[in-house]
Amino acid sequence: MKAGELANRFSVNVNTVRHYVRSGLLSPDKDASGYHYFSAEEERQLAFILRARELGFTLEDIRQLLSDATSGESPCPHARELIELRLIEARQKLNSMQSLVSRMESAVREWQALPDCAPCGDHICHLIEGGHHE
């Protein structure tokens with residue numbers, strides 16, 4: 001099947017499929033017209049890639065896991081190790097985002113009582129810069 005057909009089958013953009021080909025995660029053959037032709041093996045790999053991405057694995061993680069599988073090793077121990085690392089990273093991002101949301105909520109509350117200011121050349125936006133300018 002062609003890239004567009006494969007993309008439709010998995011409800012992804014065709015550029016996603018092409019990106020995975022360029023990244024070396026999918027290795028389709030080319031037909032006589034020069035179009036990529038995706039076999040059942042690439043279809044299975046795309047399903048794996050998409051599921052791994054949903055779980056937070058990076059493209060490099062996926063490349064390593066596919067390499068493990070093609071070299072005859074079980075990728076499962078490596079997957080367990082990598083997901084632990086991705087979980088730590090996700091928690092750090094979540095904490096960072098929670099801090100950002102708190103700062104934004106605080107700014108919304110503080111700015112409600114402050115007037116807008118006219119451009120005067122002394123500042124760009126007093127709300128962001130933190131000073132009260134009329």
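This is a short walk through the salt bridges, the cysteines and a few individual residues of the structure above. Bear in mind that the model is predicted.

I will start with the charged pairs. As general background, side chains of opposite charge can pair when their charged atoms come close. In this model there are six salt bridges. I will go through three of them.

Take R9 and E43. Their closest N and O atoms are 2.9 Å apart, and the two form a salt bridge. E43 sits in helix α3, residues 40–54, while R9 sits in helix α1, so this pair ties together parts of the chain that are 34 residues apart in sequence. If you prefer backbone distances, the C-alpha atoms of R9 and E43 are 9.1 Å apart. What else does R9 touch, once residues up to four places away in sequence are set aside? The answer is M1, in addition to E43.

The next pair is R51 and E54. Here the salt bridge has an N to O distance of 3.5 Å. Both residues belong to helix α3, and they are three residues apart, which is about one turn of the helix. On accessibility, R51 is partly exposed at 48% relative accessible area. E54 counts as exposed, with 62%.

The third pair is R86 and E89. Their closest N and O atoms lie 2.8 Å apart, again in a salt bridge. This pair is within helix α5, with a spacing of three residues, about one turn of the helix. Is R86 buried or exposed? R86 is buried, with a relative accessible area of 16%. E89 counts as partly exposed, at 33%. There is also a third member to mention: salt bridges with shared partners join D61, R86 and E89 into one network.

Now a charged residue without a partner. D68 is in helix α4, which covers residues 59–70. D68 is buried, yet it has no salt bridge. How far away is the nearest side chain of opposite charge? That side chain is R80, and it is 11 Å away. For scale, the cut-off for a salt bridge is 4 Å between a side-chain nitrogen and a carboxyl oxygen. What D68 does contact, leaving aside neighbours within four places in sequence, is E73, P75 and H78.

Staying with buried polar side chains, look at Q45. Q45 is in helix α3. Its relative accessible area is 16%, and Q45 is therefore classed as buried. With neighbours within four places in sequence left out, Q45 is in contact with L25, L26 and L66.

On to the cysteines. The number of disulfides in the structure is zero. C117 is in no disulfide, and the nearest cysteine sulfur to it belongs to C125, at 6.2 Å. C117 is partly exposed, with 23% relative accessible area. C120 is likewise in no disulfide; for C120 the nearest cysteine sulfur is that of C117, 6.4 Å away. C120 counts as partly exposed, at 41% relative accessibility. The cut-off for a disulfide here is 2.5 Å between sulfur atoms.

Next, two loop positions. S11 is in the loop between α1, residues 3–10, and α2, residues 14–22. S11 has a positive phi of about 55°, although it is not a glycine. With a relative accessibility of 69%, S11 counts as exposed.

The other loop position is G24, found between α2 and β1, where β1 is residues 29–30. G24 counts as partly exposed, at 46%. In sequence, G24 and L59 are 35 residues apart; in space, their C-alpha atoms are separated by 9.9 Å.

The last item is on the surface. Which residues form a nonpolar patch there? They are M97, L100 and M104, which together have about 270 Å² of accessible area. M104 is in helix α5, residues 76–112, and R86 and E89, from the third salt bridge, lie in helix α5 too.

To recap on pairing: R9 and E43 form a salt bridge, R51 and E54 form another, and D68 is buried with none. That is the end of the walk-through.

Methods: Residues numbered from 1 in each chain as written. Predicted model: local features only at pLDDT ≥ 70, side-chain atom pairs only at ≥ 80, totals over all residues. Heavy atoms only, no water. Helix = DSSP H or I, 4+ residues; strand = E, 2+ residues; numbered from the N terminus. Buried < 20%, exposed > 50% of the residue type's maximum accessible area, 1.4 Å probe, protein only. Lys, Arg positive; Asp, Glu negative; His and termini not counted. Contact = heavy atoms within 4.5 Å. Patch = residues over 30% accessible without salt bridge, like charges linked within 9 Å, V, L, I, M, F, W, Y side chains within 5 Å. Areas by Shrake-Rupley, 256 points an atom, 1.4 Å probe, with all protein chains shown as cover.
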